[in-house]
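Hi everyone, thanks for coming. I'd like to walk you through one model today, starting with how the chains meet and then turning to the DNA. Here it is on the screen.

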Number of protein chains: 2
Amino acid sequence: MKDPKEIFNCYCKSHGMRCTPERYIIIDEIFRIRGHFNIDELYLRIRKDYPHKKLSKGSIYRTIPHLVKAGLLRECFIDQGHSCYESALGAHHHEHLKCVRCGKILEFSSPRINTIEKNICKKLKFHMIEHSHVLLGYCVDCQADLPKKGVS
Amino acid sequence: MKDPKEIFNCYCKSHGMRCTPERYIIIDEIFRIRGHFNIDELYLRIRKDYPHKKLSKGSIYRTIPHLVKAGLLRECFIDQGHSCYESALGAHHHEHLKCVRCGKILEFSSPRINTIEKNICKKLKFHMIEHSHVLLGYCVDCQADLPKKGVS
DNA sequence: TTGTTATTGAGAATCAATTACAATAAGAAA
DNA sequence: TTTCTTATTGTAATTGATTCTCAATAACAA
């Protein structure tokens, strides 16, 4: 019950949806990426890995929300108008750091932040579904080019 | 030196920019809102509060980035394709909770989260410029309508 | 007051994401 | 297997927020 496609099968059956090769390709490619991606990157990779298959962007856009609902995928943040996704399987709740210059994404997980968040929610009687936590800045490699005024 | 318009005056002078009535109106309205807003809400409020002035959305879109750079405004998160802003003056770094049903925005500030973030950045040698931290879920008032499956 | 040029409003352009639609194919039932 | 229903597909058009273009206007230094 850990195989993404099996999970998605169950989701499809319980939602009157069909298992199509297009959807399997999308799932396979997503779990081959093992990292963060946006729709365009996913589309390009599928085109490269399945040169004989014409899989349209439309199908990707239509499939993604199902994968999110099925608990396979997570939208982690929005980067300059592009939604950024990552696998939601076997991954702890974690936070992201994104370099605004080279685009590199670092991750960190902090149980303490999770605890704080839970306490806040309890205090405010807020029922949390998801969270998005991104730090924007410059990674080590890009700090050399930092203008002085960028530093506060 | 706490008046937003004065701060913006300095910013303009040091950037070869001009102080126009349009920009003053935008600043005034933003600091009258005292809360979160998106471009459309701001535009509508200005239309209502300055019925004789034709201020275009284009001007708002063009002014906002300057206000952000001048340290007057902060983009706190993106909500369903709408950038959400808030005043950056006299406000501590804080986090947001947004009700996905009624749209209400709650705030909380946590020095401990700030400390944790700083430690992470130090460890990863990451130069943080800004951060975005939103919890999405249901506020007290909207939890009654929660479908069972929504609760995890 | 004049001249330079930053800024404006209006509308066109852009771009990610969504949707419409006719053709296709998944999958249940015969 | 074949048939039938209808979910899904690819294509192309559409949406909606944001950005850009451009001629007219106006800020502000001289």
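Let's begin with salt bridges: across the interface of chain B and chain A, the rule finds zero of them. Please keep in mind throughout that this is a predicted model. What the interface does have is polar contacts, with twelve residue pairs found between chain B and chain A, both partners at pLDDT 80 or more.

So which parts of chain B supply the side that touches chain A? Strand 4 (95-99), strand 5 (105-108), helix 5 (111-124) and strand 6 (127-138) of chain B each give at least two residues. Strand 6 of chain B has the largest share, with twelve residues. By type, that side of chain B splits into 22 nonpolar, nine polar and seven charged residues.

Now for the extent of the contact. Chain A contributes 38 residues, and chain B contributes 38 residues. About 3,200 Å² is buried between chain B and chain A, and carbon and sulfur atoms give 70% of that area. On the chain B side, the residues that lose the most area to chain A are B:Ile116, B:Phe126 and B:His127, together 21% of what that side buries.

Have a look at strand 6 again, this time in both chains. Strand 6 of chain A (residues 127-138) and strand 6 of chain B run antiparallel, joined by eleven bridges. If you want a spot to zoom in on, find A:Glu130, which stands opposite B:Leu136.

On to the DNA. Which residues are closest to DNA strand C? Out of 20 that surround it, the closest are A:Tyr61, B:Arg23, B:Lys54, B:Ser56 and B:Ser59, so to speak a guest list from both chains. Of the atoms of DNA strand C that come within 4 Å of the protein, sugar and phosphate account for 71%.

Three individual approaches are worth pointing out. In the side chain of B:Ser56, an N or O atom is 2.7 Å from a phosphate oxygen of DNA strand C. A polar backbone atom of A:Gly81 is 3.1 Å from a sugar or linking oxygen of DNA strand C. And a base nitrogen of DNA strand C is 2.9 Å from an N or O atom in the side chain of B:Arg62.

As for the elements near DNA strand C, two or more residues come from each of helix 4 (57-69) and strand 3 (82-87) of chain A, and helix 2 (21-33) and helix 4 (57-69) of chain B. The surface near DNA strand C divides into six nonpolar, seven polar and seven charged residues.

That's my tour. Thanks for listening, and I'm happy to take questions.

How values were computed: Residues are numbered from 1 along each chain as its sequence is written. Chains are lettered from A and ligands numbered from 1 in the order in which they are written. Side-chain values use heavy atoms; hydrogens and water are left out. Contact means heavy atoms within 4.5 Å. Buried area is the accessible area (1.4 Å probe) that two parts lose on being put together, summed over both. A salt bridge is a side-chain nitrogen of Lys or Arg within 4 Å of a carboxyl oxygen of Asp or Glu. A polar contact is a pair of N or O atoms within 3.5 Å; within protein, one must be able to donate a hydrogen and the other to accept it, and residues adjacent in sequence count only if both atoms are side-chain atoms. Helices (H or I, at least four residues) and strands (E, at least two) are DSSP runs, numbered from the N terminus. Ala, Val, Leu, Ile, Met, Phe, Trp, Tyr, Cys and Pro count as nonpolar, Asp, Glu, Lys and Arg as charged, and the others, Gly among them, as polar. Two strands pair if DSSP finds at least two bridges between them. A residue is near a molecule or strand if one of its heavy atoms lies within 4 Å of it.
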